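The following exercises are to be worked through with the sequence and the structure at hand. Each task is followed by a solution in steps.

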Amino acid sequence: MKTSDRLARQVLAYCEQWDMLGGTVLCAVSGGRDSMALLHLLNTLAEETGSQVAAAHFNHQLRPAADRDEAFVRDWCRAQGIPLTCGRRDVRAFARREGLGVEDAARTLRYAFLEGAALDMGADRIATAHHREDNAETVLLHLLRGTGLQGLGGIPPVRGRIVRPLLETGRADIDGYVERHGLPYVEDESNQDPMYTRNRLRLEVLPLLEAVAPGCGERIASAAAVLREENQHIQRETEGLLPAVEHDIITIPVTVLRRQDGALRRRLVRTMGQRLGVSLSRGQTEAALALRSGGFLDLPGGLCAVRTSGQLILKKRPLPPEPLALRPGEQSWGPWRVTLERRMGPVEENACRVVLRDVDGELAVAAWDGAGRLAVENGSRTVKRLFADAGIPVERRAEHPAVLAGGRLAAVFGVATDWAYQGKEDEVCWVVTLREGGGQ
């Protein structure tokens with residue numbers, strides 16, 4: 001049977017525009033006014049849209065009333081015959097362990113629970129109760145923190161299996177729906193706590209803006225919709241210019257970059273990073289674009305940027321193997337086989353062999369840590385300078401093997417051995433040899 005409720009018809013039209021309903025729809029329900037209105041709406045429209053509605057409640061264990069809220073949602077869903085799944089986690093403990101703010105930790109755990117619950121029950125979509133004012137708050141929050149076009153687009157109507165049927169619905173319309181249908185709900189007292197940035201925006205900043213410019217919340221949300229559409233257009237242009245990632249490497253010709261304006265160049269580099277699983281800041285993006293031929297830049301998440309004469313390359317470097325204490329004989333270290341033996345000098349060094357005098361202290365092989373100096377024939381030199389003199393590309397240096405003696409840098413393969421550790425012609429020495437073919 002078709003509902004005659006005005007708001008329900010508006011929400012249905014919006015859902016049809018974005019293909020939000022059909023199949024099993026899992027509704028995220030906190031027990032608050034907005035999520036109870038959404039669950040009631042979806043359940044009312046289920047027969048008309050051919051949807052099966054289920055609910056999911058996540059207990060953040062942040063408030064004394066959290067268990068009360070969970071019990072309320074359980075009782076209401078049971079009375080309405082709506083399937084419900086519940087989850088709970090200690091958000092504060094997770095936030096401390098991961099170094100996150102409580103709000104970010106709660107969001108991370110909540111969405112992880114919802115995605116898992118959807119997979120378990122075969123739900124096609126997860127519906128959340130974000131509405132128009134939530135969207136305006138999000139735009140302002142992103143603006144205050146610093147953002148680009150994507151952040152100013154606010155909350156998307158659809159993201160993966162997440163759908164937001166109320167995104168163009170105002171809070172006043174939701175309140176009216178709740179009153180018309182006599183829907184019960186619980187109040188989350190933390191929503192009145194100005195300690196949380198979003199709460200302060202909702203309770204203090206937006207009301208002030210509305211007093212200055214009535215209706216600004218609706219206009220901010222409308223502007224966000226326009227910006228999302230424009231952002232999607234730019235992103236499609238960007239995707240068309242980029243090749244696929246191969247072996248954790250993505251490359252773009254410098255000639256392609258030079259043909260674009262600054263906005264698209266930045267978007268290209270950020271998208272290259274995203275394809276490798278890393279979000280680059282504006283500063284990191286600009287630094288990568290500023291590289292000249294032969295330049296190298298360390299980036300977060302194990303990424304690096306390399307500029308050649310004709311290409312800008314972003315690649316994800318494998319983590320170097322942990323340092324390995326050496327013992328006489330052969331051992332495996334990352335992609336290498338390492339042999340340690342005692343021999344009478346002289347023994348000639350080469351790119352794969354280091355010769356050290358018989359010193360006290362444990363010998364170990366390790367990846368170069370980006371620092372240190374070695375005493376060589378013409379004085380003390382930084383390892384960076386010695387790498388450059390040896391012609392070793394910058395992007396390969398972080399993976400380059402070195403030898404430590406008693407925890408101190410003694411030699412770098414194919415680069416130099418510190419004079420204090422060099423083997424003598426007429427003395428027994430340690431010989432460390434590398435060859436490819438490790439098994440770890």
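Two strands are said to pair if DSSP finds at least two bridges between them. The model examined here is a predicted one.

**Exercise 1. Determine the strand order of the open sheet formed by four strands, and identify the strands at its edges.**

Solution.
Step 1. The order of the four strands is S7-S10-S9-S8, and their pairing is antiparallel.
Step 2. Strand S7 (249-253) and strand S8 (296-298) each have a single partner strand, so one side of each is left without a neighbour in the sheet; these two stand at the edges.
Step 3. From one strand to the next, the twist averages 15°.
Step 4. The pairing of S7 with strand S10 (residues 311-316) is antiparallel and extends over five bridges. Within this pairing, Ile252 has Leu312 in S10 as its bridge partner.

**Exercise 2. Describe the open sheet of six strands and state which strands stand at its edges.**

Solution.
Step 1. The six strands follow the order S3-S2-S1-S4-S6-S5, with mixed pairing.
Step 2. The edges are occupied by strand S3 (84-88) and strand S5 (158-159); each has a single partner strand, so one side of each lacks a neighbour in the sheet.
Step 3. S1 pairs with S2 in the parallel sense over six bridges. In this pairing, Thr24 stands opposite Gln52 of S2.
Step 4. Between these two strands the chain passes through H2, and the resulting β-α-β crossover from S1 to S2 is right-handed.
Step 5. S1 also pairs in the parallel sense with strand S4 (residues 125-127), over three bridges. Here Cys27 stands opposite Ala127 of S4.
Step 6. Helix H2 lies across S1, S2 and S4, and runs at about 160° to S2.

**Exercise 3. Explain why S1 is described as largely enclosed by the rest of the structure.**

Solution.
Step 1. A residue is buried when its relative accessible area is under 20%.
Step 2. Five of the six residues of S1 are buried, so the strand is largely enclosed by the rest of the structure.

**Exercise 4. Classify Gln52 and Ala46 as buried, partly exposed or exposed, and list their contacts.**

Solution.
Step 1. Partly exposed residues lie between the limit for buried, under 20%, and the limit for exposed, over 50%.
Step 2. Gln52 belongs to strand S2. Its relative accessibility is 46%, and therefore Gln52 counts as partly exposed.
Step 3. Apart from residues up to four places away in sequence, Gln52 touches Gly23, Thr24 and Val25.
Step 4. Ala46 is located in helix H2. With a relative accessible area of 11%, Ala46 is buried.
Step 5. Apart from residues up to four places away in sequence, Ala46 touches Ser51 and Val53.
Step 6. Ala46 and Thr24 are 22 residues apart along the chain, and 9.6 Å separates their C-alpha atoms.

**Exercise 5. Which residues touch the most other members of the largest nonpolar core, and which elements give two or more residues to this core?**

Solution.
Step 1. The core has 37 residues, and those touching the most other members are Leu21, Val29, Leu38, Leu39, Leu42 and Leu166.
Step 2. Two or more residues come from each of helix H1 (6-18), strand S1 (23-28), helix H2 (33-49), strand S2 (51-59), helix H3 (66-80) and helix H8 (171-180).
Step 3. H2 supplies the largest share of this core, eight residues.
Step 4. Beyond its neighbours within four places in sequence, Val29 has contacts that include Leu39, Ala55 and Val73.
Step 5. In H8, the buried residues are Ile174, Gly176, Tyr177 and Val178. The buried residues of H8 pack against H1 and H2.
Step 6. As a general tendency, nonpolar side chains in soluble globular proteins are buried together.

**Exercise 6. What is the geometry of the aromatic pair, and which parts of the chain does the pair link?**

Solution.
Step 1. A search of the whole structure yields one aromatic pair.
Step 2. The ring centres of Phe58 and Phe113 are 5.4 Å apart and the ring planes are at 35°, so the pair is tilted.
Step 3. Phe58 lies in strand S2 and Phe113 in helix H5 (residues 102-121); being 55 residues apart, they link distant parts of the chain.
Step 4. Phe58 counts as buried at 9% relative accessibility. Phe113 is likewise buried, with a relative accessible area of 15%.

Methods: Residues numbered from 1 in each chain as written. Predicted model: local features only at pLDDT ≥ 70, side-chain atom pairs only at ≥ 80, totals over all residues. Heavy atoms only, no water. Core = buried A, V, L, I, M, F, W, Y, C linked by side-chain atoms within 4.5 Å. Buried < 20%, exposed > 50% of the residue type's maximum accessible area, 1.4 Å probe, protein only. Contact = heavy atoms within 4.5 Å. Right-handed = clockwise from strand over helix to strand, strands pointing away. Axes fitted to C-alpha atoms, helices over the stretch in contact; angles between N-to-C directions. Phe/Tyr/Trp six-rings, centres within 6.5 Å; stacked < 30°, edge-to-face > 60°.
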